[in-house]
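Biologist: I'd like to go through this model with you before I get back to the bench. Could you walk me through it step by step?

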Amino acid sequence: MNTLTTSTAAPVQDADPAASAPRPTGFAHDTAAVFVRESRPLVRDPFSVIFSLVQPLVFLGLFGPLLIGASGGDAAGTLQWFVPGILVMVALFGTASTGANLLFEMQTGSHERTLVAPISRAALLVGRALKDVVPLVIQGTLVVLVAVPFGFRLDVPGLIAGLAVLSVFGVGLGALSYTLALACRNRDWMFWMVHQTLLFPLMILSGMLLPLEDGPAWMQVAAAVNPLSYLVDAERALLAGGFGDPAIFGGVIAAAVTCALGLGLGVRAMRRAR
């Protein structure tokens, strides 16, 4: 007689919902992902970085000879004074306008699609701001290399340190530009009005193009409260290799404060974005 044996299988346990749920990727990972995404257009179209050099090179080519003539023909000394100001100009123009890209994305609806992605809102801003450092470093290096054959004395450690300080400043200014774009999402004319109203006075009152020592008293007072003036002085000291110059401390503080203020306001605005 055959005996039929039955075996009772153990019930299959339900999968742990916590294990199957998507895990947060982390702020650093999200920031890196946004950085890579935003940097792809630069890789596909590197000529845009080179084309952006036209304006600072025009200033270098037109203002430089005038300053050399005013200084009595001392080309090397004039370039040591002028080229660091051009580097600050590269950082200023390159990062202050980046909010226009975000403004375009908001108007076309692509920004709203990134907001629903499982990515930290803070990483969306920080990754974008860090992307602005790449063209800044490339353009700053090219400007210095162009000036070397005309008498500019290159100090490599000073250049590296100067670009690092400018990168910190550029992250903060880029974040402020994105903050302005978020505030002007339906009024692009307001973004450019604020941009143009602030940009050129800050540039002129920093002493990056012309010395302000002989200017009127009100200009010197305005320069004293302009963070760009401290940054310009620090870049001149660093690119000359004068690491012991007290002006460097003021420039580092100005860059750090701009970075902290820009990221703080930008992250807050990005988290409130709808």
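Modeller: Gladly, and please keep in mind that this is a predicted model. To begin with the surface, the protein chain exposes about 14800 Å², and carbon and sulfur atoms supply 69% of that area.

Biologist: And how much of the chain is buried?

Modeller: The protein chain has 274 residues, and 42% of them count as buried.

Biologist: How many helices and how many strands are there?

Modeller: The protein chain contains 14 helices and zero strands, so that, read from the N terminus, the order of elements is α-α-α-α-α-α-α-α-α-α-α-α-α-α.

Biologist: What share of the contacts comes from residues 24 or more positions apart?

Modeller: Taking the contacts in the protein chain with a separation of 6 or more, 79% are between residues 24 or more positions apart.

Biologist: Let's turn to helix packing. How do α2 and α8 cross?

Modeller: Helix α2, residues 27-44, and helix α8, residues 121-131, have axes that come within 8 Å and cross at roughly 45 degrees. That angle makes α2 oblique to α8. The contact involves, on the α2 side, residues including Phe-27, Val-34, Phe-35 and Leu-42, and on the α8 side residues including Ala-123, Leu-124, Gly-127 and Leu-130. There are charged-residue names in the list as well, among them Asp-30, Arg-37 and Glu-38 of α2 and Arg-128 and Lys-131 of α8.

Biologist: Which hand does that crossing have?

Modeller: The crossing in which α2 passes α8 is right-handed.

Biologist: Where does α14 come in relative to α8?

Modeller: Helix α14 covers residues 247-272, and its axis and that of α8 come within 8 Å, crossing at roughly 135 degrees. With that angle, α8 is oblique to α14. From α8 the contact uses Arg-121, Ala-122, Leu-124, Leu-125 and Val-126, while α14 contributes Leu-263, Gly-266, Val-267, Met-270 and Arg-271. Here too, α8 passes α14 in a right-handed crossing.

Biologist: What about α5 and α9, are they parallel or antiparallel?

Modeller: The axes of helix α5, residues 75-96, and helix α9, residues 133-147, come within 10 Å and cross at roughly 155 degrees. Since an angle over 145 degrees counts as roughly antiparallel, α5 and α9 are roughly antiparallel to each other. Their crossing is right-handed, and the contact is made by residues including Leu-79, Ile-86, Val-90 and Ala-91 of α5 together with Leu-136, Gly-140 and Val-143 of α9.

Biologist: Leu-136 caught my eye there. What does it touch?

Modeller: Leaving aside residues up to four places away in sequence, Leu-136 touches Val-90, Ala-91, Thr-95, Leu-166, Ser-167 and Gly-170. Leu-136 lies in helix α9 and is buried, because its relative accessible area is 4%, under the 20% cut-off. Its C-alpha atom is separated by 7.8 Å from that of Gly-170, which is 34 residues apart from Leu-136 along the chain.

Biologist: Is Leu-102 buried or exposed?

Modeller: Leu-102 is buried, with a relative accessible area of 0%, and this residue lies in helix α6, residues 99-108. Not counting residues up to four places away in sequence, Leu-102 touches His-111, Arg-128, Tyr-178, Ala-181, Leu-182 and Met-270. With Ala-181, the C-alpha to C-alpha distance is 6.6 Å, although the two are 79 residues apart in sequence.

Biologist: And Leu-176, buried or partly exposed?

Modeller: Leu-176 counts as partly exposed, at 27% relative accessibility. It sits in helix α10, residues 156-183, and touches Leu-261, Gly-262 and Leu-265, again not counting residues up to four places away in sequence. Leu-176 and Gly-99 are 77 residues apart in sequence, and their C-alpha atoms are 8.2 Å apart in space.

Biologist: Switching to histidine, where does His-195 lie?

Modeller: His-195 lies in helix α11, residues 188-204, and at 9% relative accessibility this residue counts as buried. If residues up to four places away in sequence are set aside, His-195 touches Ala-96 and Ser-97.

Biologist: Last topic, the cysteines. How many disulfides does the search find?

Modeller: The search of the whole structure finds zero disulfides. As for individual cysteines, Cys-184 counts as buried at 2% relative accessibility, and Cys-259 is buried as well, with a relative accessible area of 14%.

Terms used:
Residues are numbered from 1 along each chain as its sequence is written. This is a predicted model: local features need pLDDT of at least 70, side-chain atom pairs count only at pLDDT 80 or more; totals for chains, interfaces and linings use all residues. Side-chain values use heavy atoms; hydrogens and water are left out. A disulfide is a pair of cysteine sulfur atoms within 2.5 Å. Buried means under 20% relative accessible area, exposed over 50%, partly exposed in between (1.4 Å probe, protein chains only). Helices (H or I, at least four residues) and strands (E, at least two) are DSSP runs, numbered from the N terminus. Contact means heavy atoms within 4.5 Å. Accessible areas come from the Shrake-Rupley method with a 1.4 Å probe; for residues, only the protein chains shown count as cover. Axes are lines fitted to C-alpha atoms, for helices over the stretch in contact, and angles run from 0 to 180 degrees between N-to-C directions. Angles under 35 degrees count as roughly parallel, over 145 as roughly antiparallel, 65 to 115 as roughly perpendicular and the rest as oblique. A crossing is left-handed if the near helix is turned anticlockwise from the far one by less than a right angle, and right-handed if clockwise.
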